[in-house]
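Me: Please take a close look at a single buried-or-exposed case in this model, with its surroundings and the cut-offs behind each term. I would like one connected account rather than a list.

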Amino acid sequence: MSKYGEKTAPDFLFESSWEVCNKIGGIYTVLSTKARTLHQQYGDRAIFIGPDLGQPNPDFIADASLFPEWTAHVKAHETLRLKTGRWNVAGMPPVMLVDFKPCFPERNTLFFEIWETFGVDSSVAYGDYDESCIFACAVAQTIQSFYRFHRLDKQQVVAHFDEWMLGMGLLYLRKHLPAVATVFTTHATTVGRSIAGNGKPLYGYMKGYYGDQMARELHVEAKHALEKQAAHQADSFTTVSDITALECARLLDKAPDMVTPNGFEPDFVPSGEAYHAKRAGARETLLRVAEKLLGAPVDPDAFLIATSGRYEYRNKGIDVFIDAMNCLRLSGELQRETLAFLLVPAWVYAPRADLKAALEQDFPQTVPMQTPFLTHWLHRMADDPVMNFILHAGFANRPSDRLKIIFVPCYMDGNDGIFNLPYYDLLIGMDATVFPSYYEPWGYTPLESIAFGVPTVTADLAGFGAWAKSIVTGETADEGVAVVHRTDDNYFEVVETVARILMALSRKEEAERKGIRKACFDLAAKAGWKHFISCYDRAYEQALAKAAERNARHTV
């Protein structure tokens with residue numbers, strides 16, 4: 001028996017996110033890697049719900065055998081438009097893609113209802129708020145339809161909503177179908193991300209911030225109000241790290257009921273000879289692109305460093321990365337030629353035609369190309385922060401420079417026009433990665449790095465960094481992860497520490513590199529979903545118990 005009640009697991013579990021079958025950020029990785037473990041536990045009773053964006057989707061495989069009676073009923077009698085199939089990831093779980101556009105005529109009614117019941121003022125919203133909330137309501141109506149058609153009133157049903165974008169769906173169910181137990185997970189608070197992204201000190205001044213006040217100051221009132229109400233109304237409110245839990249308690253006036261860390265699955269990582277072949281192929285591609293861009297040969301044993309992730313210049317530590325690379329470049333102490341790659345999607349105009357032609361036709365390239373640190377042309381290049389910082393720092397990528405920097409400003413989806421390899425197929429070729437984030441509730445990128453055997457440098461302000469620090473010393477990357485101490489005020493100390501750790505890594509002999517690679521794999525294994533899924537199990541138990549108590553009160 002669970003401490004939350006007799007029922008310890010849901011009969012049906014629905015999990016919804018804007019990133020189900022829609023690869024735009026880290027939540028996609030959370031859900032797509034968790035899918036297999038959930039499917040092992042619940043089979044086809046664990047169902048994901050994502051947006052139907054009206055375009056071919058390689059993540060979605062239609063499957064007419066899933067819930068055929070219900071889908072026929074929906075098509076004949078309801079206004080919902082959806083597709084049922086399977087998510088093309090490990091586990092192949094059931095997925096519903098909802099076309100939310102037909103719900104837009106209900107917008108004013110839905111928003112007024114949520115304002116009247118929960119006090120969420122949508123009149124101050126802008127940007128992606130409307131689209132997200134209409135989708136969230138369509139998700140809730142889908143769950144409601146499934147629940148009523150299959151008469152699940154005697155079953156234990158959990159609806160799990162990820163991020164503020166799905167908050168209105170949770171509130172809709174709370175009002176219209178309170179029998180369903182709800183879980184709300186915030187992966188980063190709206191106000192916390194905005195404070196950090198606007199250059200304000202978040203951590204040292206946390207006790208002085210008030211969420212509602214800062215939401216008004218930063219013009220995110222509607223998103224914040226929705227997120228706050230979802231956190232308070234959920235039967236179980238969770239977040240991904242102890243760092244973000246403190247943020248939630250202060251800015252949302254609600255401490256999470258559970259911390260649910262993000263795990264990873266080893267399915268994505270090749271093993272044995274396949275691993276070495278993939279690594280060799282990645283390095284060959286990276287070096288070939290670099291040689292064409294630089295107009296000079298690159299040492300086959302060059303030390304390859306990368307950072308990646310969302311283009312949040314300060315939050316993700318992109319500024320630290322460039323400054324640390326500059327420290328290494330100017331040190332005069334690098335013994336190996338070094339290439340530093342920024343794999344950060346920006347406002348891409350097109351792949352460089354000159355670079356593409358040189359690669360396709362194998363032109364001999366004996367002089368550097370124009371702007372020899374950029375693989376794709378950008379819109380408004382003069383306004384791009386990375387471009388400006390690279391130029392300001394004095395990078396020129398001369399043949400005599402021991403360290404060259406290369407900005408790859410596109411999504412690594414395998415169709416970028418230059419590398420034409422997905423992110424993981426390039427990551428495996430790196431010798432080190434750097435993710436010195438200032439604001440990072442969890443941090444999948446360093447976890448992915450060690451899962452592929454690539455040592456990483458991260459910060460203790462990242463949830464993953466704090467978790468890793470509980471297992472390894474974090475002082476060097478010899479154990480797979482180096483964890484740099486970050487505060488609001490020690491930027492240059494962080495830069496110097498990152499440079500020092502990378503310098504030490506670059507000097508490792510082959511036998512030492514193999515040992516570090518094994519340490520990476522060993523540490524990544526400790527962050528597998530099989531270790532972290534129990535946290536979600538407890539959240540579901542709590543949600544079911546609270547829903548049972550609520551429903552018992554209403555039936556008395």
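Reply: Gln141 lies in helix H4, where helices are DSSP runs of H or I with at least four residues, numbered from the N terminus. The model is predicted, so local features need pLDDT of at least 70 and side-chain atom pairs count only at pLDDT 80 or more, while totals for chains, interfaces and linings use all residues. Residues are numbered from 1 along each chain as its sequence is written, and side-chain values use heavy atoms, with hydrogens and water left out.

With a relative accessibility of 11%, Gln141 counts as buried (under 20% relative accessible area, with a 1.4 Å probe and protein chains only). Leaving aside residues up to four places away in sequence, Gln141 touches Leu80, Cys103, Glu106, Leu110 and Tyr172, a contact being heavy atoms within 4.5 Å. By contrast, Leu246 is 105 residues from Gln141 in sequence and 33 Å from it in space, C-alpha to C-alpha.

Leu110, one of the residues that Gln141 touches, also belongs to the packing of two helices. Helix H3 (residues 107–118) and helix H4 (residues 129–149) pack at about 85°, and their axes are 11 Å apart; these axes are lines fitted to C-alpha atoms over the stretch in contact, and angles run from 0 to 180 degrees between N-to-C directions. This angle makes H3 roughly perpendicular to H4, a label that covers 65 to 115 degrees. From H3 the contact takes in Arg107, Leu110 and Phe111, and from H4 it takes in Tyr129, Asp130, Cys133, Ile134, Cys137 and Gln141. Sorted by type, the residues of the contact are six nonpolar, one polar and two charged (Ala, Val, Leu, Ile, Met, Phe, Trp, Tyr, Cys and Pro are nonpolar, Asp, Glu, Lys and Arg are charged, and the others, Gly among them, are polar).

As for internal space, a search of the whole structure finds one cavity of 30 Å³ or more, a cavity being a set of points on a 1 Å grid over the protein atoms alone where a 1.4 Å probe fits but cannot get out. The largest cavity holds about 130 Å³, a volume being the space filled by probe spheres set on the points, which are joined across faces, edges and corners. Its lining has 13 residues, with Asp431, Pro455, Arg513, Ile516 and Arg517 nearest its centre, where lining residues have an atom within 4 Å of a point. Helix H18 (residues 510–525) gives the largest share of this lining, three residues, and the lining as a whole divides into six nonpolar, one polar and six charged residues.

Note on methods
1 Å grid on protein atoms, 1.4 Å probe; cavity = no way out; pocket = protein on both sides within 12 Å on 5 of 7 lines; lining within 4 Å. Helix = DSSP H or I, 4+ residues; strand = E, 2+ residues; numbered from the N terminus. Parallel < 35°, antiparallel > 145°, perpendicular 65-115°, else oblique. Buried < 20%, exposed > 50% of the residue type's maximum accessible area, 1.4 Å probe, protein only.
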